[in-house]
Amino acid sequence: MSALLDDPDTIASLTGGALEQLPYPVVILDRDLRLRLANAEARERLKPPSAEEDPCPPFASVLARSGRIPADVRLRILSCCGAEVRGRNAPGKHDAVFAMSPGHTIALYARPLGHDRWMVVLEDRRRGADSGMAAEENQCDTLTGIGNRRYFEEQLAGALREDDPDRQPAILVFDLDRFRAINDLLGRSGGDALLRAVVGRLRRATRDADQLARLEGDQFAVLQLNGHAADNLAARLVDLLSRPYLVRGEVVTVGISLGVARAPGDGDSAAALLHHADLALREAKEAGGQTWRRFGQSMADRARSRLDLESDLRKALVLGQLTLAYQPKVNLRTQTVTGFEALARWSHPKRGLVPPGLFIPVAEDIGLIAPIGDWALRAACEDATAWPEPLSVAVNVSARQLDDGRHFLAQVVASLRESGLPARRLELEITESALTRRPDEARSLLRELHALGVRISMDDFGTGYSSLSQLRTFPFDSIKIDRSFVSALDGDNDAAALVRAIATLGAGLGMAVIAEGVETSGQARMVAADGCTEIQGYLISKPIPAAEIRALLARDLSVALAS
Ligand code: C2E
Ligand code: MG
Ligand code: MG
């Protein structure tokens with residue numbers, strides 16, 4: 001084939017009958033990239049307009065009309081032909097290969113024929129004629145036309161088998177930031193359109209030799225056989241793919257987070273490289289997204305210690321390592337304790353006392369928050385029955401617990417029934433973030449709980465995004481002002497104004513307003529002057545074990561408040 005192509009005279013003589021017989025599409029173009037001649041195979045595949053319709057149609061419109069070749073591949077074919085026509089192609093650089101889908105490429109050869117004519121041969125290459133089709137179906141991502149995970153793993157394993165020190169493969173794995181939210185917004189078919197747009201851009205940003213795959217959902221991977229410049233490609237992809245997309249007439253802004261792993265240093269098996277690229281991707285995500293990270297050993301160490309923590313936490317409940325500590329809330333007017341907040345503690349034989357700020361988010365991530373939350377609810381109700389009336393117990397509720405509202409409601413009812421604690425003595429502390437996720441579901445659940453007689457408290461108020469007006473539509477009995485505002489009171493006028501505004505609002509809505517984290521009597525006086533009705537904080541007491549509650553209740557609190 002190539003011997004023939006290298007000789008323009010032979011080719012010219014082919015244009016009579018032999019060209020017509022060739023089993024692959026051959027076209028002859030002029031300097032303006034108009035189609036002058038197409039052989040039978042090209043007419044069959046590309047379906048150009050007849051000579052009567054248009055004797056020399058632009059090759060661009062012929063390719064577009066065919067409907068078989070994706071836009072980005074068409075562009076590359078045209079630019080390749082253009083370079084050839086303008087004599088820009090270096091000797092020996094005439095040929096190009098375009099990946100259509102796994103196992104399916106189009107090879108292009110362009111040769112000058114003289115007299116301002118060029119011959120272009122387009123050869124469809126499908127791996128293995130019969131078995132190839134089946135393999136392609138198994139390895140192709142039907143949504144985007146690139147490879148799937150299986151394809152990628154095979155390609156990667158193949159690349160790692162090549163024992164060429166100059167060609168050390170690298171993989172880049174990325175996903176879209178906030179894809180779930182965008183998918184919800186655009187609807188499923190809009191989400192699919194976005195994924196296809198991402199792949200279109202990915203094809204343009206990568207070289208033909210790079211292997212592309214969609215691993216799952218919105219996660220993609222690129223395999224570079226020669227990974228020396230993988231970091232450059234990573235930076236370029238984050239830049240290009242994070243630019244706004246136009247999806248169904250809407251401008252969609254979505255960042256990508258990307259992780260890079262290179263053989264052999266970052267792993268010498270497909271599984272290890274994929275795992276490490278994934279760890280790097282997660283670090284990029286944790287750094288806020290729209291960025292990339294190269295795998296480093298410290299990431300593997302962190303991942304391992306996190307896995308250890310997870311496995312210890314799974315055992316913590318059954319081993320009885322979780323306990324509740326109680327911190328009093330005090331009414332500023334009567335100077336008496338109104339109730340206690342239950343705060344989870346994990347005492348681990350080796351780790352010591354693990355603070356809830358560290359293990360509650362982990363429990364949420366690994367699906368343990370429901371059993372831990374159920375346990376806290378039961379234990380708190382049980383403990384509170386030993387306290388004098390009308391002292392209440394407040395239990396923290398994580399946003400994740402509200403996802404399964406039916407289960408949560410049933411747990412509250414069961415905890416009250418089994419302990420015998422009256423509903424009015426149970427309070428549930430909910431943070432703002434729990435309400436912003438699915439506000440309608442959260443609102444109706446909280447209303448049901450409220451109807452049982454349980455009191456509802458807004459925790460850490462001021463740290464989220466909920467507006468004061470939104471607050472009115474939820475059945476809150478009290479607001480807890482986040483301790484960051486209280487600690488800012490000394491010397492920060494804005495903080496004082498904010499505390500006053502929240503207290504005024506709370507009073508107007510008939511809610512109790514609790515200042516959290518009050519450490520000094522000065523702060524206590526200030527929040528009292530600003531209109532808060534209750535305080536909680538180290539000034540009165542740190543969280544204490546249930547066994548110490550009686551002693552605390554016997555204390556005269558006016559001393560602490562007055563000092
Ligand atoms: P939170 O509900 O806002 O609890 C108040 C936190 O502030 C507690 O931290 C408490 O010890 C601390 N604190 C109280 N007074 C002061 C003070 O005067 N100064 C300072 N610096 N800190 C004070 P803790 O116990 O570490 O709990 C942290 C968070 O963990 C809690 O914040 C709550 O959101 C979460 N949490 C605790 N127990 C549970 C639980 O059983 N379930 C759920 N879902 N979350 C829990
Ligand atoms: Mg709380
Ligand atoms: Mg709080």
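This passage describes the domains, a mixed sheet, a pair of magnesium sites and several salt bridges of a predicted model.

The model is predicted, so local features are reported at pLDDT of at least 70 and side-chain atom pairs at pLDDT 80 or more, while totals for chains, interfaces and linings use all residues. Residues are numbered from 1 along each chain as its sequence is written, chains are lettered from A and ligands numbered from 1 in the order in which they are written, and side-chain values use heavy atoms, with hydrogens and water left out.

The domain assignment divides the protein into domain 1 (2–126), domain 2 (149–295) and domain 3 (326–345 + 372–562); such bounds come from an automatic or database assignment. Between the C-alpha centres of domain 2 and domain 3 the distance is 45 Å.

We turn now to the sheet. Five strands make up an open sheet with mixed pairing, in the order S7-S8-S6-S11-S12. Helices (H or I, at least four residues) and strands (E, at least two) are DSSP runs numbered from the N terminus, and two strands pair if DSSP finds at least two bridges between them. Strands S7 (211–216) and S12 (291–294) are at the edges with a single partner strand each, so one side of each has no neighbour in the sheet. From one strand to the next the twist averages 20 degrees. Strand S11 (residues 256–262) pairs with S12 in the parallel sense, over 4 bridges, and Val 260 has Arg 294 of S12 as its bridge partner.

Two helices pack on this sheet, where contact means heavy atoms within 4.5 Å. Helix H8 (residues 149–161) touches strand S6 (170–176), S7 and strand S8 (219–224), and its direction makes about 135 degrees with that of S7. Helix H9 (residues 179–205) likewise touches S6, S7 and S8, with its direction at about 150 degrees to that of S6. Axes here are lines fitted to C-alpha atoms, for helices over the stretch in contact, and angles run from 0 to 180 degrees between N-to-C directions.

Salt bridges come next. The whole structure holds 31 salt bridges, each defined by a side-chain nitrogen of Lys or Arg within 4 Å of a carboxyl oxygen of Asp or Glu. One of them joins Asp 141 and Arg 214 at 2.8 Å, N to O. Asp 141 sits in the loop between helix H7 (131–139) and H8, and Arg 214 in strand S7, so this pair ties together parts 73 residues apart in sequence. Both Asp 141 and Arg 214 are buried, where buried means under 20% relative accessible area, exposed over 50% and partly exposed in between (1.4 Å probe, protein chains only).

Arg 294 of strand S12 also forms a salt bridge, with Asp 231 at 4.0 Å, N to O. Asp 231 belongs to helix H10 (residues 230–241), so the pair connects parts that are 63 residues apart in sequence. Asp 231 counts as partly exposed at 27% relative accessibility, and Arg 294 counts as partly exposed at 31%. Elsewhere, Arg 500 and Asp 530 meet at 3.2 Å, N to O. Arg 500 lies in helix H21 (residues 493–508) and Asp 530 in the loop between helix H22 (521–529) and strand S21 (534–535), 30 residues apart. Arg 500 is partly exposed, at 42% relative accessibility, whereas Asp 530 is buried, at 10%.

The magnesium sites complete the picture. Donors are N, O and S atoms within 2.8 Å of the metal (3.2 Å for Na, K and Ca), and since water is not among the atoms, sites may look incomplete. The magnesium ion (ligand 2) has as protein donors Glu 341 (OE), Asn 396 (OD1), Glu 429 (OE) and Asp 459 (OD), lying 2.0 to 2.2 Å from the ion. Along the sequence these donor residues are spaced E-x54-N-x32-E-x29-D. Glu 341 is in strand S14 (residues 336–348) and Asp 459 in strand S18 (residues 455–461), so the pair brings together parts 118 residues apart in sequence. Glu 341 and Glu 429 also belong to a salt-bridge network with Lys 329, Glu 427, Arg 455 and Lys 480.

For the magnesium ion (ligand 3), the protein donors are Asp 459 (OD), Asp 460 (OD) and two entries for Glu 516 (OE), lying 2.0 to 2.5 Å from the ion. Their spacing along the chain is D-D-x55-E. Asp 459 coordinates both the magnesium ion (ligand 3) and the magnesium ion (ligand 2), which are 3.9 Å apart. Glu 516 is in the loop between strand S20 (512–515) and H22, so with Asp 459 of strand S18 it links parts 57 residues apart in sequence. Asp 459 counts as buried at 5% relative accessibility, and Glu 516 counts as buried at 11%.
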